[in-house]
Amino acid sequence: MLVDYHVHVVAHGEYHYREEWLNQYLDRAQQRGVQAIGLVEHDQFKERIDWRLIEALKRTDLHIAAGLEIDFVPGREESIKRMIDQHPLDFVMGSVHFINDWAFDHPDHRAGFDALDIDQVYSDYYVLIDKLVKSRLFDIIGHLDLIKIWGHRPIKKDSLQHVQPILHSIKASPMVIEINSAGLRKPVQEMYPCRQIIEKM
Ligand SMILES: [Zn+2]
Ligand SMILES: [Zn+2]
């Protein structure tokens with residue numbers, strides 16, 4: 001079964017929840033043989049979501065799920081929980097896009113890698129993923145190894161060694177990891193997560 005649970009209808013704020021716009025996604029999904037689609041905005045755009053429109057566009061031959069992709073930031077657990085409780089969500093994706101205040105996956109902040117110890121960056125990133133998993137707030141972990149986005153690789157330990165300690169907690173949790181092809185279009189040119197991680201799961 002072909003599914004796509006990572007569709008950002010408003011992208012980074014440049015589009016709107018309009019029937020014609022949403023229908024383009026739904027039509028294309030059906031043309032491509034996708035049987036379930038997850039509309040999942042970044043949480044900073046949650047006010048832009050028209051939940052009733054999503055409900056109104058439901059189709060018999062395409063399952064439509066409504067979700068949020070929420071930035072996991074330690075200390076924000078209570079407000080994340082409230083956010084989840086306040087919206088009619090079918091699923092919640094938790095993602096790490098920030099290390100402290102550094103938006104490491106944003107092209108404007110890519111140079112941040114140059115000044116830092118790459119093994120420390122990997123280790124800081126996976127500490128956050130570990131906390132995300134243990135928070136038990138989410139159903140799906142977004143782009144598990146996003147830290148590789150610009151192609152930086154750790155030196156003292158390999159990528160798998162960095163992620164391995166938390167694979168066990170992921171497996172023991174009710175969460176799933178997404179297989180995300182966006183990385184193929186980024187400098188790293190790999191899916192998130194990489195095949196070796198998928199094979200360990
Ligand atoms: Zn996303
Ligand atoms: Zn993301």
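The legends below describe close-up views of a predicted model. Local features need pLDDT of at least 70 and side-chain atom pairs count only at pLDDT 80 or more, whereas totals for chains, interfaces and linings use all residues. Residues are numbered from 1 along each chain as its sequence is written, chains are lettered from A and ligands numbered from 1 in the order in which they are written, and side-chain values use heavy atoms, with hydrogens and water left out.

**View 1. The two zinc ions and their bridging residue, Glu-69.** The zinc ion (ligand 1) is coordinated by His-6 (NE2), His-8 (NE2) and Glu-69 (OE), at 2.0 to 2.1 Å. Along the sequence, these donor residues are spaced H-x1-H-x60-E. Donors are N, O and S atoms within 2.8 Å of the metal (3.2 Å for Na, K and Ca); water is not among the atoms, so sites may look incomplete. Glu-69 bridges the zinc ion (ligand 1) and the zinc ion (ligand 2), and the two ions lie 3.3 Å apart.

**View 2. Coordination of the zinc ion (ligand 2).** Glu-69 (OE), His-97 (NE2) and His-143 (NE2) coordinate this ion at 2.1 to 2.2 Å, with the spacing E-x27-H-x45-H along the chain. Distant parts of the chain are linked here: Glu-69 is in strand β3, and His-143, 74 residues apart from Glu-69, is in the loop between β5 (140-141) and α5 (159-172). Helices (H or I, at least four residues) and strands (E, at least two) are DSSP runs, numbered from the N terminus. Glu-69 counts as buried because its relative accessibility is 1%, and His-143 is likewise buried, with a relative accessible area of 6%. Buried means under 20% relative accessible area, exposed over 50%, and partly exposed in between (1.4 Å probe, protein chains only).

**View 3. The largest pocket, between domain 1 and domain 2.** The domain assignment gives domain 1 (1-71) and domain 2 (96-201); such bounds come from an automatic or database domain assignment. Both domains give residues to the lining of the largest pocket, so the pocket lies between them. The pocket holds about 1700 Å³ of space and is lined by 47 residues, of which His-6, Val-7, His-8, Ala-182 and Arg-185 lie nearest its centre. Elements giving two or more residues to this lining include β1 (3-7), α1 (19-31) and β6 (176-177), and the largest share, seven residues, comes from α1. The lining divides into 25 nonpolar, twelve polar and ten charged residues. Ala, Val, Leu, Ile, Met, Phe, Trp, Tyr, Cys and Pro count as nonpolar, Asp, Glu, Lys and Arg as charged, and the others, Gly among them, as polar. On a 1 Å grid over the protein atoms alone, a pocket is an open set of points with protein on both sides within 12 Å along at least five of seven lines, a cavity is a set where a 1.4 Å probe fits but cannot get out, and lining residues have an atom within 4 Å of a point. Grid points are joined across faces, edges and corners, and a volume is the space filled by probe spheres set on the points.

**View 4. The largest cavity.** About 50 Å³ of space lies in this cavity. Its lining consists of Tyr-122, Tyr-126, Asp-145, Lys-148, Arg-153, Ser-159 and Cys-194, which divide into three nonpolar, one polar and three charged residues.

**View 5. Surroundings of Ile-84 in helix α3 (residues 77-86).** Ile-84 counts as buried, at 18% relative accessibility. Not counting residues up to four places away in sequence, Ile-84 touches Ile-70, Leu-89, Val-92 and Leu-137; contact means heavy atoms within 4.5 Å.
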